[in-house]
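Me: I am in my first year, and I would like to look closely at a single part of this protein. Please take your time and explain each term as you go.

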Amino acid sequence: MDMLRWQKLRRKEIAGLIFDLKRQTKYSIEINGQHYCNVTWDFEYTTAEGRAIIEDVKSSGTAKEPDYRLRKRAFELYYSLEVTEVLK
């Protein structure tokens, strides 16, 4: 699924619909000045309107796991960005 999603996003980038497509982007999250965790998201890109998009491809089971939900929420609060889940 990740490869299929990459191919679809790559076609959008070539068509000029999205820009700066990256995969496997890594981020560090700190809470109260202390390292909390590192996260890696599958895809990151910018829309034609200039909006930053972060996508993570997940199975429905993995998307419900408490540790994943906590890391995702911590990232969204720390970076003020939303992670879009693409379900397999």
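In which sense do strand 1 and strand 2 pair, and over how many bridges?

Reply: Before the details, please keep in mind that this is a predicted model, in which local features need pLDDT of at least 70 and side-chain atom pairs count only at pLDDT 80 or more, while totals for chains, interfaces and linings use all residues. Residues are numbered from 1 along each chain as its sequence is written, and side-chain values use heavy atoms, with hydrogens and water left out.

Strand 1 (residues 18-31) and strand 2 (residues 34-47) pair in the antiparallel sense, over eleven bridges. Two strands are said to pair if DSSP finds at least two bridges between them, and the elements themselves are DSSP runs numbered from the N terminus, helices being H or I with at least four residues and strands being E with at least two. Within this pairing, lysine 22 stands opposite glutamate 44 of strand 2. The two strands form a hairpin with two residues between them, and asparagine 32 in that turn has a positive phi of about 55 degrees. As background, the side chains of a regular strand alternate between the two faces of the sheet.

To place the hairpin in the whole, the protein has three helices and four strands, which follow the pattern α-β-β-β-α-α-β along the sequence.

The hairpin strands also meet helix 3, since both strand 1 and strand 2 are among the elements that cover the buried residues of helix 3, together with strand 3 (52-58), helix 2 (60-63) and strand 4 (83-87). Those buried residues are Tyr68, Lys72, Ala74, Phe75 and Glu76, where buried means under 20% relative accessible area, exposed over 50%, and partly exposed in between, with a 1.4 Å probe and protein chains only. Helix 3 itself (residues 66-79) has 14 residues and reaches 20 Å from its first C-alpha to its last, close to the 20 Å expected at 1.5 Å a residue; the expected span is 1.5 Å times one less than the number of residues. Just after helix 3, serine 80 takes a positive phi of about 55 degrees.

One of the residues of strand 3 is lysine 58, which counts as buried because its relative accessible area is 17%. Leaving aside residues up to four places away in sequence, lysine 58 touches Ala63, Tyr68, Val86, Leu87 and Lys88, a contact being heavy atoms within 4.5 Å. Tyr68, as noted, is one of the buried residues of helix 3.
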